[in-house]
Each structure stands twice: as structure tokens, then as C-alpha cells.
Amino acid sequence: MANVLFIKANGLPAERSVSVKLYEEFLKNYTASNAGDTITELDLFQADLPYYDATMMSGLYKESIGETLTQDEARLAKVANSYLEQFLAADKVVMAFPLWNFSIPAQFLTYLFYLNQAGKTFKYTSEGPVGLVTNKEVVLLNARGGVYSDGPMANWEMSLNYVKNILTHFGITNPQTVIVEGHNAAPDQAQDLIAAGVEKAAALANKF
Ligand SMILES: Cc1cc2nc3c(=O)[nH]c(=O)nc-3n(C[C@H](O)[C@H](O)[C@H](O)COP(=O)(O)O)c2cc1C
């Protein structure tokens with residue numbers, strides 16, 4: 001029985017969000033196909049996600065070298081570490097997120113910063129950083145209104161590429177993806193593009 005973490009990085013309702021549509025369809029199908037699994041939903045737009053600020057950084061650093069933390073440092077280090085531990089404890093992780101301003105929502109970036117800890121998700125070596133997370137299967141559900149998979153905007157895609165690069169840095173090199181793109185660029189095709197993505201999300205959920 002797997003421990004599965006579903007991360008939603010969009011606060012809009014499904015009627016107004018393609019990535020949330022993908023998320024809900026995936027969750028519904030996964031739950032139906034895997035009744036015995038433990039499923040945890042993390043809604044990053046409802047979660048307590050203080051900025052990765054100097055106090056949090058100082059707390060995490062002091063902790064790593066065994067120094068005493070102030071009360072505020074300890075509180076903030078605990079926030080980051082609790083999300084990190086939840087991520088590390090999952091056998092499978094599903095992340096749903098939009099491309100906004102060519103990138104990801106700030107809440108998701110903050111969350112990924114919490115996970116990015118030397119000695120926990122990666123380590124430094126003389127050959128460069130090496131990922132430490134090798135026991136996890138990941139699905140990425142991404143929506144972007146323009147076309148980025150090829151063509152002139154390909155280099156501007158810093159949403160899915162960013163998340164994939166961070167996961168590679170952690171040692172997770174083979175996430176599966178469902179991408180809906182181009183629905184704003186071609187409104188006449190939007191319904192079909194979204195429906196095809198939702199269908200792919202359902203199919204992937206049933207075999208993930
Ligand atoms: C704040 C915001 C910024 C956006 N920035 C871009 C952008 O840079 N490029 C683009 O192609 N689409 C952009 N879009 C359109 C989204 O990529 C599109 O709505 C996509 O469906 C986002 O996922 P969602 O529907 O789950 O929110 C933006 C939308 C919003 C709300």
C-alpha cells in the first residue's frame with residue numbers, strides 16, 4: 001500500500017483552472033484504482049508557507065551545524081522541515097501547477113525551496129551536487145495557455161522545466177507528465193485540448 005502525496009499549486013476552482021481540472025481528474029481516478037493507499041492532499045494556496053527568509057535560512061543552517069536556534073528560527077525551520085519530511089515519506093507524488101508569467105506560482109516556489117536542503121534531498125560532492133531521493137515516483141500535471149513544447153517560445157518555459165530540473169537535482173529523473181498547452185493561443189481548439197489532457201490524466205492515474 002503506497003503513501004501518496006497530492007500537491008495542488010493553484011487556488012482557483014476547477015471550473016476556472018486547467019491544472020486543477022487535471023488534478024481533480026487524476027485524484028478521482030487514482031483513488032478509485034488504489035483504494036488501500038494512504039492519500040494526503042496538500043493545497044499550497046491554503047497551507048502555511050512563510051517566505052524562505054533570513055530567519056528560516058539561519059535556523060536551517062544552525063540546525064545543520066548543531067548550533068542552538070532562537071525561538072523564531074526554530075519555529076520556521078520546523079515549518080520547512082515538516083514539509084520536507086512529508087515529501088520524503090511519500091512513495092508517490094503528484095504535483096499540479098500552472099505556468100504563470102512563464103514560471104510557477106510563488107507558493108510552489110517557496111515549497112520547493114523548503115525541499116531543497118543539502119544532506120536531505122541532495123548532497124555536495126567534488127563532482128557537483130548529487131540527488132538523494134531515489135525511491136519516489138512522480139507525476140507532473142501542467143497547464144500553459146501558450147505553446148512552449150516547440151517553436152519560438154520554447155526557451156521561455158520556466159514552469160515545467162524548472163520543476164523537472166529541481167526534481168533531477170533531488171535524484172528524481174523520470175517524472176511522468178501530462179501537459180495541456182495552447183488553449184489560450186487557440187481558443188477555438190481550447191475545449192478539445194483540455195478534454196484530451198483530462199483524458200490523459202485519467203489514463204495515467206489508473207496505471208500510476
Ligand atoms: C497570473 C497569470 C499569468 C499567466 N502567464 C502566462 C504566460 O506567461 N504565458 C502563457 O502562455 N500563459 C500565461 N497565463 C495563462 C495560463 O498559462 C493558463 O491560464 C493556464 O491554463 C494556467 O493554468 P490554470 O488554468 O491551471 O491556472 C497566465 C495566467 C495567469 C492567471
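In what order do the five strands of the open sheet run, and is the pairing parallel or antiparallel? In this predicted model, the order is β2-β1-β3-β6-β7, and the pairing is parallel. The edges are formed by β2 (38–43) and β7 (176–181), each of which pairs on one side only. Neighbouring strands of the sheet are turned by 10 degrees against each other on average, direction ignored. Strands of a sheet pair through backbone hydrogen bonds, either parallel or antiparallel.

The sheet falls in an annotated region. An unreviewed UniProt entry assigns residues 3–203 to the annotation "domain: Flavodoxin-like fold". Over residues 3–203, helix accounts for 41% of the chain and strand for 20%. The C-alpha atoms at the two ends of this stretch are 20 Å apart.

The pairings can be followed across the sheet. Strands β1 and β3 run parallel and are joined by five bridges. In this pair, Val4 stands opposite Lys92 of β3. Seven bridges then join β3 to β6, again in parallel. Here Val94 has Val139 of β6 as its bridge partner. Between β6 and β7 there are six bridges, and these strands run parallel too. Arg144 stands opposite Glu181 in β7.

Strand β3 spans residues 92–98 and is mostly covered. Six of its seven residues are buried. In a regular strand the side chains alternate between the two faces of the sheet. At the β7 edge, helix α6 (residues 190–207) lies across β6 and β7. The helix runs at about 165 degrees to β7.

The ligand site draws on several parts of the chain. The ligand is surrounded by 16 residues, of which Ser19, Pro98, Ala143, Gly145 and Gly146 are the closest. Two elements, α1 and β6 (137–144), each give two or more residues to this shell. The largest share, three residues, comes from α1. By class, the shell holds eight nonpolar residues, seven polar residues and one charged residue.

The UniProt record, an unreviewed entry, lists Ser17, Val18 and Ser19 under "binding site". Ser17 is placed in the loop between β1 (3–8) and α1 (18–33). It is partly exposed, because 18 other C-beta atoms lie within 10 Å. Leaving aside neighbours within four places in sequence, Ser17 is in contact with Asn10, Leu12 and Pro98. Ser19 lies in helix α1. Ser19 is buried, because 27 other C-beta atoms lie within 10 Å. Its contacts, not counting residues up to four places away in sequence, are Asn10, Ala96, Phe97, Pro98, Leu141, Asn142 and Ala143. Asn10 and Pro98 thus appear in the contact lists of Ser17 and of Ser19.

What lies beyond β3? The loop between β3 and α4 (106–115) holds Asn101. Phe102 is placed in this loop as well. Most residues other than glycine have a negative phi. Phi of Asn101, however, is near 45 degrees, a positive value in a residue other than glycine. For Phe102, phi is also positive, near 70 degrees. Asn101 counts as exposed, because its C-beta neighbours inside 10 Å number 9. Phe102 is partly exposed, because 16 other C-beta atoms lie within 10 Å.

A further loop joins β6 and α5 (160–170), and Val147 is found there. Val147 counts as partly exposed, because it has 17 C-beta neighbours inside 10 Å. Not counting residues up to four places away in sequence, Val147 touches Met153, Glu181, Gly182 and Ala185. Among these, Glu181 is the residue of β7 that stands opposite Arg144. Val147 and Phe26 are 121 residues apart along the chain, and their C-alpha atoms are separated by 23 Å.

Notes: Residues numbered from 1 in each chain as written. Predicted model: local features only at pLDDT ≥ 70, side-chain atom pairs only at ≥ 80, totals over all residues. UniProt positions renumbered as here; feature names shortened; annotations may be inferred. Helix = DSSP H or I, 4+ residues; strand = E, 2+ residues; numbered from the N terminus. Buried ≥ 20, exposed ≤ 12 C-beta atoms within 10 Å, placed from the backbone. Contact = placed C-beta atoms within 7 Å. Near = placed C-beta within 6 Å. Nonpolar A, V, L, I, M, F, W, Y, C, P; charged D, E, K, R; others polar. Pairing = 2+ DSSP bridges. Axes fitted to C-alpha atoms, helices over the stretch in contact; angles between N-to-C directions.
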